[in-house]
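Ready for a few exercises on empty space and aromatic rings? Have the sequence and the 3D view open, and try each task before reading its solution.

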Amino acid sequence: MNSKPIILVCTVGGSHQPIVSAINEMRPDYVVFICTDKDPATGRPGSNIQITGKGHCIKAHNNDDKPTLPAIPQQTGLSQEAYEVVLTVSDDLDRIYLDCSRVIDSVLKKFPGAGIVADYTGGTKSMSAGLAMAALENPNIELQLVTGNRSDLIKVHDGSQYTALANIEQIRFQRTLAPFRACWERFAYGEAEAGLKRIQTPRNTQLRAALNRFRDLSTAFAEWDNFNHEIALRILRPYAPSMPSTMKPYLGIAMRLNDNDPKKRDAARLYDLYLNALRRAEQGRFDDAIARIYRLIEWTAQWMLLHRCGIDTANVPETEIPDGMQLSLNREQQWQAGLYNAWQLIKLKTDGAAAQFIEQEDKTLLNHIKIRNQSILAHGFSPVRREHWHELVRFIEHKFIPMLLAETACVGIKTLPNQLPNRYELN
């Protein structure tokens, strides 16, 4: 059974020895030499002369008076059909990167299934960097260099050269994960989770563990973002010992969101809903954000009436309905208090921060609710504009949340919890 063909892509600079060593050691089936042409300013020959030059065109040593060696293909026994020359420039990294990328794409099409090795030993620093960058884009390409024994930082000793594969799995891993780390920056945990599930599992055990952890935490926060707090906690718990310090507070918040005490649990979920609304606004989804704020205002009243007064707004006892207040009667003949009436009940039946808030901010609250009512997600046909959202959120931040914190202090919640993370550190 024939082994797959080996294709070598290499940058060529002023020294022929590394290229000769690579070809003699690998014996590739085909070689692409990436070279420079004649310098347009000085007229000095480019590195392509080492491949296409006639007769003796290469100096055995840099300080020799004249060339004594033939071109690299002749030194290594390459036939004319077994190589090609691609010209690039010396120090334009953008151009070199594009030229190297085109070479790799061409080789992949011309030799499907072949083993492709990119050797970045020769050429200018920009040529080496350009080839390395292009090779890193494709996980099927191996990157190598020619190295050897050194007595200084200038060059290796002639005759000691050997090829060595570059250790790039960590680099490729970091580059592969970069788009999904960017997802976290806009709270798109579900998108990160979906992308991470498509990544091929690394061979390296540490990288494999890092991928699994990133994927699982993305799943946990995606569930959290969808209000599936129980699932989020279940995923987060096993990672508690290895969580970085910046992530540890979220385990405590998740536990509070799943507390057995409904009074404490629901209070925590009010703040979670508020932070969820802020995340939607960060994504430019202002209709979604305002719909959540409306629910926050309504749920806050329901939470307070239930836990402070024992009144369920879905089934208000007739004896608890103040004179003059008109509630809706549902099909089950139960009296129901909507958002406005629920807050009126708070004003009449409690005497804390919430009662003071609605006494002072009644009209302002109604005006802000009108913005929500005009939304497509409520009763209107107009999308919520950015300026409408900012007007509402200023009111919530400066008036509503301080009131809510004063009310939830009785269950131990005195400060606003952390927003979900928008940065993921791999290490």
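The exercises below work on a predicted model, and each is followed by a worked solution.

**Exercise 1. Describe the second largest pocket: its volume, its lining and the elements that contribute to it.**

Solution.
- Step 1: Begin with the volume, which is about 930 Å³ for this pocket.
- Step 2: Turn to the lining of the second largest pocket, which is made up of 33 residues. To find the centre in your viewer, select Pro 139, Asn 140, Glu 169, Arg 172 and Arg 203, the lining residues nearest to it.
- Step 3: Assign the lining to elements. Strand 4 (115–119), strand 5 (141–147) and helix 6 (169–185) each give two or more residues. Helix 6 gives the most, with five residues.
- Step 4: Sort the lining of the second largest pocket by class: 18 residues are nonpolar, eight are polar and seven are charged.

**Exercise 2. Which residues line the largest cavity, and which helix supplies the largest share?**

Solution.
- Step 1: Search the whole structure for cavities of 30 Å³ or more; there are two. The largest cavity has a volume of about 60 Å³.
- Step 2: List its lining: Trp 224, Ile 253, Leu 257, Ala 268, Tyr 271, Asp 272, Leu 275, Arg 279, Pro 417, Asn 418, Gln 419 and Leu 420.
- Step 3: Match the lining to helices. Helix 10 (248–257) and helix 11 (262–282) each supply at least two residues, and helix 11 has the largest share, with five.
- Step 4: Sort the lining of the largest cavity by class, which gives eight nonpolar, two polar and two charged residues.

**Exercise 3. Classify the ring pairs Trp 184–Phe 221 and Phe 221–Tyr 250, and place them in the chain.**

Solution.
- Step 1: Recall that a pair of aromatic rings is described by the distance between the centres and the angle between the planes. The structure holds 16 aromatic pairs.
- Step 2: For Trp 184 and Phe 221, the centres are 5.5 Å apart and the planes stand at 80°, so this pair is edge-to-face. Trp 184 belongs to helix 6 and Phe 221 to helix 8 (residues 205–225), and the two are 37 residues apart.
- Step 3: Check burial. Trp 184 has a relative accessible area of 0% and is buried; Phe 221, also at 0%, counts as buried.
- Step 4: For Phe 221 and Tyr 250, the centres are 5.7 Å apart and the planes are at 85°, so this pair is edge-to-face. Because Phe 221 lies in helix 8 and Tyr 250 in helix 10, the pair ties together parts 29 residues apart in sequence. Both Phe 221 and Tyr 250 are buried.
- Step 5: Widen the view to one aromatic cluster, formed by Trp 184, Phe 187, Tyr 189, Phe 214, Phe 221, Trp 224, Tyr 250 and Tyr 424.

Note on methods. Residues numbered from 1 in each chain as written. Predicted model: local features only at pLDDT ≥ 70, side-chain atom pairs only at ≥ 80, totals over all residues. Heavy atoms only, no water. 1 Å grid on protein atoms, 1.4 Å probe; cavity = no way out; pocket = protein on both sides within 12 Å on 5 of 7 lines; lining within 4 Å. Points joined across faces, edges and corners; volume = space filled by probe spheres on them. Helix = DSSP H or I, 4+ residues; strand = E, 2+ residues; numbered from the N terminus. Nonpolar A, V, L, I, M, F, W, Y, C, P; charged D, E, K, R; others polar. Phe/Tyr/Trp six-rings, centres within 6.5 Å; stacked < 30°, edge-to-face > 60°. Buried < 20%, exposed > 50% of the residue type's maximum accessible area, 1.4 Å probe, protein only.
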